[in-house]
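Welcome, and please open the structure in your viewer. We will go from stop to stop, and at each one you will hear what to select and what is there.

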Amino acid sequence: MIYRFTIISDEVDNFRREIQIDSDATFLDFHHAILKAAGYPNDQMTSFFICDDSWEKEQEITLVEMDTTADVDNYVMEDTTLDELITEEHQKVLYVFDYISDRAFFMELKEIIPGKDLDKAVCTASLGEAPAQYKLEDIETLTSTVKKDAEIFDENFYGDEEFDMDDFDPEGFDMGNGGSFDPYSQDNY
């Protein structure tokens, strides 16, 4: 079967992509097709979310394995086929391409074409320019935050690297069983 998805953005009115992909392709294959159709490099964390009819996120499919509890099913793009989670026409999916700003493409399965297969995904319609993959102001904010943090963690952050062993009180190393730790003992070096 072939799935025909329509992809739109809430940021750019005239942006629209249509991708046809085999139903047994993985979400990773779909991820690569979306990046290619939008002209984005493959250098960001992304996720798909299966949504209800009101675009409320239900099930996440991550690019890499995430630590989750055993209570929640964990789906990874590379290991999950589209037909495993997407089974009905008009099913809605979000593709989060910018985690910093929580920006996403809105996708809908417009048509299921039975009796046909595709070796790889095809962008069959492309209208308008894709929104910028990341917002410049978010990158500038992140960069300035990192610079400020770097200034805080200078060479004196951990204190003076030169210290005198005589400044340590041997009684301060009580081992809790009445004995004490002698930092001056040669056995401890």
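Start by selecting residues 47–51, strand β3, together with residues 92–98, strand β6: the two pair in the antiparallel sense over five bridges. Strands here are DSSP runs of E with at least two residues, helices are runs of H or I with at least four, and both are numbered from the N terminus. Two strands count as paired if DSSP finds at least two bridges between them. Within this pair, click on Ser47, which stands opposite Val96 in β6.

Before moving on, a note on the model: it is predicted, local features need pLDDT of at least 70, side-chain atom pairs count only at pLDDT 80 or more, and totals for chains, interfaces and linings use all residues. Residues are numbered from 1 along each chain as its sequence is written, and side-chain values use heavy atoms, leaving out hydrogens and water.

Now show the whole sheet. It is open, with eight strands in the order β5-β4-β3-β6-β7-β1-β2-β8 and mixed pairing. At the edges you will find β5 (75–76) and β8, each pairing on one side only.

Next, select Cys51 and then Cys123. Cys51 is buried (under 20% relative accessible area, 1.4 Å probe, protein chains only), at 6%. Cys123 is partly exposed (between 20% and 50%), at 37%.

Last stop: Pro114, in the loop between β7 (103–113) and β8 (122–127). Pro114 is exposed (over 50%), with a value of 60%. Add Ser23 to the view: its C-alpha atom is 9.6 Å from that of Pro114, although the two residues are 91 apart along the chain.
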